[in-house]
Amino acid sequence: MIRAVIVDVDDTLCLTQAASFALENEVLAELGRPPMPRHVHLSTWGEPLLDAMPTRSPGLDLPRFSALYRRALKRHIADGRLDVIPPENLRALDEFVRHGRAVFLLTSRTEDEVRHMLAADHVLAERVGGIYHAGNTRFRKPDPRAFDELLATTGIPPRHCVYVGDSPGDALAAGGAGLHFVGCLQSGVRKPADFDSRYVDAFIDAFSDIVGVVQQLDQFTTDAGPVADDQVAQQAG
């Protein structure tokens with residue numbers, strides 16, 4: 001059966017592209033720079049922030065931007081403008097925990113960008129067994145080795161894990177590591193045609209749909225590895 005459900009953060013567990021776009025433009029305005037167009041932000045969405053910003057705002061002073069961004073990030077989180085996890089998504093995580101499945105987060109965010117999620121009083125504290133991020137993993141997606149630390153720590157075979165993410169790079173990383181992958185299309189940023197179908201077991205239109213898909217994956221996961229993934233994709237739509 002599927003023993004671990006591993007979840008991406010941005011535009012998977014919570015919708016963040018639009019909120020991040022507004023946040024980054026707010027910081028650019030503080031620096032006296034023009035706003036970035038949304039299509040530029042979308043074209044680099046999924047890249048580590050400081051890797052993407054030279055494309056989003058050419059000539060940007062990255063150290064100054066980084067310092068102002070950290071302060072703005074705290075404001076947006078405190079104001080409930082970023083990283084708001086919908087109740088139905090929390091219920092989905094609760095369903096996994098109730099049925100004995102381990103839940104983890106794996107993201108390319110830095111430790112600073114997930115620090116609030118690591119707090120003991122955060123809504124994820126009793127639901128998530130660990131958060132793997134750029135501060136405690138050696139490799140970033142789409143490198144399949146992004147899962148190395150999680151798999152080594154938990155001892156759960158990849159074939160008994162499913163990764164839920166929103167990007168083609170998420171699918172490549174999961175598929176390369178031998179995990180099941182489910183693509184979440186809720187943000188509307190990406191379409192099924194953007195993904196390499198070889199690495200996708202199913203697509204979901206809303207994160208909360210993942211509960212039913214994982215139940216289906218149970219039927220096609222054996223000790224010998226995943227089988228009949230195309231049947232799962234057909235059933236999940």
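**A guided look at the strands and the core**

Guide: Welcome! In this predicted model, valine 5 is in contact with Phe96, Arg101, Ala102, Val103, Phe104, Val162, Val164 and Val214, leaving aside its neighbours within four places in sequence.

Visitor: What makes these residues contacts of valine 5?

Guide: Contact means heavy atoms within 4.5 Å, and each of the residues listed for valine 5 meets that cut-off. Val5 is also one of the residues that touch the most other members of the largest nonpolar core, alongside Leu13, Leu105, Leu124, Phe207 and Ile210. That core has 29 residues. Among the elements giving two or more residues to this core are β1 (4-7), β4 (161-165) and α9 (210-219), and α9 gives the most, with five.

Visitor: Why is β4 called largely enclosed?

Guide: Buried means under 20% relative accessible area. Five of the five residues of β4 are buried, so the rest of the structure largely encloses this strand. Cys161, Tyr163 and Gly165 point one way from β4, while Val162 and Val164 point the other way. In a regular strand the side chains alternate between the two faces of the sheet.

Visitor: How do you know that β1 and β4 pair?

Guide: Pairing needs at least two bridges; β1 and β4 have four, in the parallel sense, so they pair. Valine 7 stands opposite valine 164 in β4.

Visitor: And what joins β4 to β5?

Guide: Four bridges do, and these strands run parallel. The bridge partner of valine 164 in β5 is valine 182. From β4 the chain crosses through helix α8 (residues 168-177) to β5, in a right-handed β-α-β crossover.

Methods: Residues numbered from 1 in each chain as written. Predicted model: local features only at pLDDT ≥ 70, side-chain atom pairs only at ≥ 80, totals over all residues. Heavy atoms only, no water. Core = buried A, V, L, I, M, F, W, Y, C linked by side-chain atoms within 4.5 Å. Buried < 20%, exposed > 50% of the residue type's maximum accessible area, 1.4 Å probe, protein only. Right-handed = clockwise from strand over helix to strand, strands pointing away.
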